[in-house]
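Student: Could you walk me through reading the internal features of a protein model? I would like the general idea each time, and then the case at hand.

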Amino acid sequence: MGSTLEIDKFLEPLAIDVQKLSGLAREMALTFGKLSAESSDMFLPTPISESILSPEVSAGQDGSDSGRYLAIDIGGTNLRVGFIELQQDLVVDDAGVPSTARKLNRLLEHSWPIGESLKNENSESLFSWIGDRIAHVVRKGCDAFSLSPDQDLPLGVTFSFPMHQTSLSEAKLMAMGKGFAITSNLDLGGHLTTGYEKHKTADMPNIKIAAIANDSVSTLVSFIYQFPAKAHQKAAMGVIVGTGCNATIPLKLSTLHESKRPASINVLPGQDVATAKIAVNTEWSINGSAPPLRKFRLINKWDEELDRAGEIPGFQPLEYMTAGRYLGELGRIMFLDYCINVLKLSVSTLPSKLRQRFGLTTTFLSHYYHNSPKGSMADQLSNEFPAEHPEFEWTKTLEAVLHKIAVAIQKRAAGIIAASTIGLLMCAEEIPEPGAIWKKDITELVVGYTGGCIQHFQDYLADTQAYLDKILALEFDGKSPIRVVLHPCHDGGITGAGVLVPAALASMRT
C-alpha cells in the first residue's frame, strides 16, 4: 500500500525548486510594481515617511520623547489596550564610544476577546464597547501615573483591517470582513473618540488620535524601533504569517497611483515629500498576486478545491497557500484524495472528523512529525482522529503519507513567502539588479516576522530563510552583495501603535 515512489509522484504538484522560486521572485517584483501603481485594494499607503520611523526620531534624539503612550490594537479576534513606555539609556562600549540603548515596556496591558455578538452589532455598539475598554485602562493609568484630566492623552491605534488614510491620524474603514458586519467608509478616529467619551469620567483626560496604522505597518514600526541595527544592516520590511499573511515595506511616493497618494504625509522638518518613502500595507495575499503563482504553475487542483469552498472564491490565493487558516484544510483535502483515489479506501470508513471542512487543523499538522513533543505520530492520529469503522485503521503508510503531505505543503509555503519577500525588496529597490554596481553600505536587509504559522508549522521558518539565501545565491551567481535575514518581531500590533505616537508628534505634516 502506497510505495514511497507512489507518494512522491502524488505530491509532484507541490514540488518547488530554486530556479522556479527565483523566477517567481522576479515576476513578483514586476507584479508588485504594477499593483502599487494601479490597484485600488492593494498597496495601501500609511501617510508617514520612512525617515521618521527611525529609532532616533521615534524616541527623540535627546530623550525628550521618552515616556508612556496609550496604544490599542484592534484585531480580528482580540482587542488589546495598554501603555507603551519608551526609554533611552546612554551606554558606552569597550572602545569608549557612546550610544543610546532603547528599551520598550508594556504597562497596564489588558486583552479582551471580541465576541461574535459584537462583530454582528452595528458600529455604535462595537465602538462603545471598545471605548469602555479604553476608559478602563485609562482609569488605571490615572491611578498609576497621575494623569492630568486637563491634558489630552495621545493615542496610537493599530487596526487589523484595510482602510484608506488621508493623514496619519485619520482613516476611513473599508469593508472589514473576518466576520464583522460593519460596512465601509466609517471614520475610525471619530468612532473611537465618541466611544471613549461615553465612558470617561470628569477626572479622566480626553484622548486625541495621534496615529493609525494597519497591523502589518505597526509590526514594521515596532521592528524598526526595537531592532539594534548595525552600520551594515537595515530593518527593511515586516511580514506577518499567522492566521493570515501580509507584508509592509516603505515605497517611494512616486510609485503609487495618484489616487492613492495621501493628501498629507508626516515627514521630518525640511524633508522634501517628493523624495519620501512611505510605509505601504501591501495586502499582498489578495488576488492581484495570483498571476505569478499561475505562471509558475504553483496553483494546483487541491488549491482550487480549497478556494471554491471559501467565503469569497479567488480572493486571497497567496494566503490560501501560505497562512495558518488554510494549510490544515489543504492537507485534509490532499489526504482524502490520496486515501480515496490512490489507496481506494471508501470515504465512509474514514474518521468523520477528517470528512469535515477544517476538521484537520493547521495546529495539528504543525506538530505532526517524528519525535514531536505532542507524542508519536501514531498516538497523535489515534487521539485526534479515532477509528470509527471496523474496516479502517491507522497504518504506518497512512502515518507517513500525512507527514509527507504536511512537509510538502510547508516547503511550498516557505518558498512562496521567500520569493515574495525577495520580489517586494526588489520592487522597493532594496536589492540591486544582477550585474549592477552596488555602492550602498548596507549588506544585510533584516525582515521582521511575526505569526504563529511561520514559527511553529513544521520547519517553515528555517526553510524560508534557506530559500531566501538560495534565491539570492542563484540570482547573483553565488556572489550576492546583500543578504536577507529574518528576525522575530512579536506583538508588534500594540507596541507599534505606541511607538508611532512620539514619531507622529516629532514629525510635521506636509
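**Cavities and aromatic pairs**

Tutor: Let's start inside: L44, P45, T46, F161, P162, M163, Q165, N214 and N281 line the largest cavity. This is a predicted model, where local features need pLDDT of at least 70, side-chain atom pairs count only at pLDDT 80 or more, and totals for chains, interfaces and linings use all residues. Residues are numbered from 1 along each chain as its sequence is written, and side-chain values use heavy atoms, with hydrogens and water left out.

Student: What counts as a cavity, and how many cavities of 30 Å³ or more does the search find?

Tutor: Rolling a probe the size of a water molecule over the atoms shows where empty space is left. On a 1 Å grid over the protein atoms alone, a cavity is a set of points where a 1.4 Å probe fits but cannot get out, and lining residues have an atom within 4 Å of a point. Searching the whole structure gives two cavities of 30 Å³ or more. The largest cavity holds about 60 Å³ of space, a volume being the space filled by probe spheres set on the grid points, which are joined across faces, edges and corners.

Student: Which elements give two or more residues to the lining of the largest cavity?

Tutor: Those are β1 (44-49) and β6 (163-167); strands (E, at least two residues) and helices (H or I, at least four) are DSSP runs, numbered from the N terminus. The largest share, three residues, comes from β1.

Student: How many residues of each class line the second largest cavity?

Tutor: Its lining has seven nonpolar, two polar and no charged residues. Here Ala, Val, Leu, Ile, Met, Phe, Trp, Tyr, Cys and Pro count as nonpolar, Asp, Glu, Lys and Arg as charged, and the others, Gly among them, as polar.

Student: How many aromatic pairs are there?

Tutor: Rings of Phe, Tyr and Trp (its six-membered ring) pair if their centres lie within 6.5 Å; planes under 30 degrees apart count as stacked, over 60 as edge-to-face and the rest as tilted. Eleven aromatic pairs turn up in the whole structure. For F10 and W302 the ring centres are 5.0 Å apart and the planes at 45°, so this pair is tilted. F10 lies in helix α1 (residues 4-10) and W302 in helix α9 (residues 301-308), so the pair ties together parts 292 residues apart in sequence.

Student: Are F10 and W302 buried or exposed?

Tutor: Both F10 and W302 are buried, meaning under 20% relative accessible area (exposed is over 50%, partly exposed in between; 1.4 Å probe, protein chains only).

Key. 1 Å grid on protein atoms, 1.4 Å probe; cavity = no way out; pocket = protein on both sides within 12 Å on 5 of 7 lines; lining within 4 Å.
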